[in-house]
Amino acid sequence: NHPFKVNQNGHLEIGGLDTTMLAENYGTPLYVYDVSMIRSNCREFLKTFNQLGVRGKVAYASKAFSSIAMIQVIKQEGLCLDVVSEGELYTALQADFPPERIHLHGNNKSIQELTMAIEHNIGCIVVDNFHEIKLIEKILYELDKQVDVLMRVTPGIESKTHHYIMTGNEDSKFGFNLKNGQAEEAFKALYKHDLIRFKGLHCHIGSQIFETDRFLVATKVLFNTLAEWNKLYKYEPEVLNLGGGFGIRYTAADSPIPYSTYVDALIHDVQHHVEELNIPMPEIWIEPGRAIAGNAGITLYTVGSMKNIPGIRNYISIDGGMTDNLRPALYQAKYEGVIANKANHKPTDVVSVAGKCCESGDMLIWDLPVPAVEDGDHLAVFSTGAYGYSMASHYNRLPKPAVVFVENGKEKLVVQRENYKDVVQHDVAYF
Ligand code: LLP
């Protein structure tokens, strides 16, 4: 129940390569991305804009997975890039990503981050709060520059997802609230500014969302506000950025819809509102992260110790865990996996996959059907391409794994495995 092939040796393949060979050559844990899937995800988002002849931008939310190689692929596919920190911006610039295609997000952008963004003439800053408006003004006056901005608004709706990854609800740290006048106050400060070029509104309702209707509720709320601002200030937005959050399949319980369905629904919905309001069609921007990187990546592990508690549970332990995939521990996220070197064997057992960290909550998968497992087998976990490496930590002083890209039967190491020297590199002896 996954998009990857099994070769004649019964081994799982990714991008035309044997995962057992990759695990042996590069060591485990190992993140492996099928680059052709990253590309086809990008193209699927762009396709609908082209088919409908609507001006728009697709920005990859690089928080899902950022590395120089990844940003190079995104650049080649012609997308824009959403960054949320100086570190992500730095990575993008190191990858030679065109600054004018970069958008900066964040609810507490520092003066250094904003200065770096403005000095490099990035495409757009998504303004989140009043403090930030003051910082941007200060930098623009000092540098005698101008910048395009969108204003992030909080529509005050709940998306059907985990509470931690809901972002559009009224009680949220992100954006200007629409319902209490703060958004209008910010709008008045921005829309006729002499240095800030106010381009429009941004809203993001949450992540891993499987239906279009919540997005459409958000656009309705946005257009209620736009109708008011149009009446009061004759305002017509040039851009509407409707965020990311398009869901992917982690397990059989998830039923994602095609990415084109979201884009199609959003565009038609905006067209309908625009006609009603009798204003020009704005550019539609979206910001998928997970939907581009998530299903293109898998993680390979090696099985070590095993423990059977008769009548209760079979544990198998792998050489990674919450340090390379925090999502199960943080969100109770569910994953599927197979024994990569026995991918054609019928499942005979049910095991629970434990990480190696000193933490009972470090469980990667509960109750996974598998064939008879032996130590040294390789476990492949699917759909780990988003928010896996990017949320990895050094807990228990584990070095971060390597990342390999594969495409058309060829592999390339794109992030080196850390070693113990890397782990202590910033430590300073006390004595
Ligand atoms: N745009 C904005 C403003 C966002 O805050 C986010 C995600 C995205 C776009 C991209 O969302 P995506 O398309 O990837 O769902 N660590 C969590 C997800 C946090 C998402 C935060 N913001 C997880 O592992 O599920």
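## R327 and helix α11

In this predicted model, R327 sits in helix α11, which covers residues 327–331. Is R327 buried or exposed? It counts as buried, because 20 C-beta neighbours lie inside 10 Å, and 20 is where the buried class begins. Setting aside neighbours within four places in sequence, R327 is in contact with A333 and Y387.

## The UniProt binding-site residues

R327 also turns up in the UniProt record: the unreviewed entry lists R290, R327, Y331, E359 and Y387 under "binding site". These residues span 98 residues of sequence, and they are spread out in space too, with up to 26.9 Å between C-alpha atoms.

E359, another one on that list, is found in the loop between β16 (349–354) and β17 (363–370). E359 counts as partly exposed because it has 15 C-beta neighbours inside 10 Å.

## Around the ligand

So who's actually around the ligand? The shell has 21 residues, and the closest are S207, G244, G289, R290 and Y387. R290 and Y387 are also in the UniProt list. Sorted by class, the shell comes out as eight nonpolar, nine polar and four charged residues.

## Helix α1

Over in helix α1 (residues 19–26), the buried residues are T19, T20, L22, A23 and Y26. Looking down the axis of α1, these buried residues fall within an arc of 160 degrees, so they line one face of the helix. Right after α1 comes G27, with a positive phi near 80 degrees.

Methods:
Residues numbered from 1 in each chain as written. Predicted model: local features only at pLDDT ≥ 70, side-chain atom pairs only at ≥ 80, totals over all residues. Near = placed C-beta within 6 Å. Nonpolar A, V, L, I, M, F, W, Y, C, P; charged D, E, K, R; others polar. UniProt positions renumbered as here; feature names shortened; annotations may be inferred. Helix = DSSP H or I, 4+ residues; strand = E, 2+ residues; numbered from the N terminus. Buried ≥ 20, exposed ≤ 12 C-beta atoms within 10 Å, placed from the backbone. Contact = placed C-beta atoms within 7 Å. Arc of directions from axis to C-beta.
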